[in-house]
Amino acid sequence: MPSQHPEEVGYGRVVESYVTRTYGGLPRFLVLNGGRFLGPRWWHTTRFTRHLLNDAAAITDEELEALLGYEWRSRLTAAWLIGVDRRERFRARIGDLLLASEVCYSGSAYCFALARFGTHADAEILTAYLDHYLPRTDLHYDQPAALGALLRLDAHLGTHHADRFTEPDGLWDEWVKGVGRLGYPSHTPAEQHRWTDLQCDFANGWTSRWP
């Protein structure tokens, strides 16, 4: 999928408006990527979250498409806005971008959006991603985020899609061993499940405060 600056499609200010506005000296995309706002001690959490919710409701589908067609910072931010507002009409687009894995960092935001949508269709997308990328023990992409999202969906839907990945000596264990030899840290399924829960419960909690 070719990358195109939003200004080339008539949305020249969309990056400045939604992606790079700052909080405590940090641009929004960096705060989203690092998860600083999920901790209880960051002084800017309330302001950051209020703006995030307002922008998730206000941004148009066309502006979101412009961001999704650009680089990782814009795609990451767009996916968060989509997930917060639960714009399920972007499901197929998010799924295509996740599977393509063209750029760094944004994949975890796609997984967050799918976890927020919360349906069987989202579980199928995450399952397809893990089927494709867990056998690649030479690639450390967004396998942890995808598994965490799938585990949350299994818990929510009463399904067991993740079981065959997490069985002892299964695809997950083999992938962890493979990327471990490349110097990447290990990830347990429980840790990834908790991280996805933290992200989604944060979004659920704030959206219920400000309808």
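Here are a few exercises with worked solutions on a predicted model.

**Exercise 1. Find how helix α6 is oriented relative to helix α8, and which residues make the contact.**

Start with the geometry: α6 covers residues 91–100, α8 covers residues 120–133, and their axes lie 10 Å apart at an angle of about 10 degrees. Next, apply the cut-off: angles under 35 degrees count as roughly parallel. That makes α6 roughly parallel to α8.

Now list the partners. On the α6 side, the contact is made by Arg91, Gly95, Leu98, Leu99 and Ala100. On the α8 side, you will find Ala121, Asp122, Ile125, Leu126, Ala128, Tyr129, His132 and Tyr133. Sorted by class, the residues of this contact are nine nonpolar, two polar and two charged.

**Exercise 2. Repeat the analysis for α7 and α9.**

The axes of α7 and α9 come within 9 Å and cross at roughly 5 degrees. With the cut-off of 35 degrees in mind, α7 is therefore roughly parallel to α9.

From α7, the contact takes in Ser108, Cys111, Leu114 and Ala115. From α9, Ala145, Ala146, Ala149, Arg152 and Leu153 take part. The class count for the contact of α7 with α9 is seven nonpolar, one polar and one charged.

**Exercise 3. Check the length of helix α9 (residues 143–157), then decide whether α9 is mostly covered or mostly open.**

For the length, take 1.5 Å a residue: the 15 residues of α9 should span 21 Å. The end C-alpha atoms of α9 are 21 Å apart, so the two values agree.

For the burial, count residues under 20% relative accessible area. Twelve of the 15 residues of α9 pass, so α9 is mostly covered. Among them are Gln143, Pro144, Arg152 and Asp154, together with Leu147, Leu150 and Leu151. Just after α9 comes Gly158, with a positive phi near 75 degrees.

**Exercise 4. Do the same for helix α5 (residues 72–85).**

The 14 residues of α5 should span 20 Å at 1.5 Å a residue, and the end C-alpha atoms are indeed 20 Å apart. Twelve of the 14 residues are buried, so α5 is largely enclosed by the rest of the structure. The buried residues include Trp72, Trp80, Arg75, Thr77 and Ile82. α5 is followed by Arg86, whose phi is positive, near 50 degrees.

**Exercise 5. Work out how many disulfides the structure has, and describe Cys104 and Cys200.**

The cut-off here is a pair of cysteine sulfur atoms within 2.5 Å. A search of the whole structure gives zero disulfides. For Cys104, the nearest cysteine sulfur belongs to Cys111, 14 Å away. For Cys200, the nearest is again that of Cys111, at 11 Å.

Then compare their surroundings. Cys104 has 38% relative accessibility and so counts as partly exposed, whereas Cys200 is buried, at 1%.

**Exercise 6. Locate Tyr105 and Asp169, and say what their phi values are.**

Begin with Tyr105, which sits in the loop between α6 and α7. Its phi is near 70 degrees, a positive value in a residue other than glycine. Tyr105 has 45% relative accessibility, so it counts as partly exposed.

Turn to Asp169, found in the loop between α10 (163–166) and α11 (171–180). Asp169 is not a glycine either, yet its phi is positive, about 60 degrees. With a relative accessible area of 58%, Asp169 is exposed.

Notes:
Residues numbered from 1 in each chain as written. Predicted model: local features only at pLDDT ≥ 70, side-chain atom pairs only at ≥ 80, totals over all residues. Heavy atoms only, no water. Axes fitted to C-alpha atoms, helices over the stretch in contact; angles between N-to-C directions. Helix = DSSP H or I, 4+ residues; strand = E, 2+ residues; numbered from the N terminus. Parallel < 35°, antiparallel > 145°, perpendicular 65-115°, else oblique. Contact = heavy atoms within 4.5 Å. Nonpolar A, V, L, I, M, F, W, Y, C, P; charged D, E, K, R; others polar. Buried < 20%, exposed > 50% of the residue type's maximum accessible area, 1.4 Å probe, protein only. Expected span 1.5 Å × (residues − 1).
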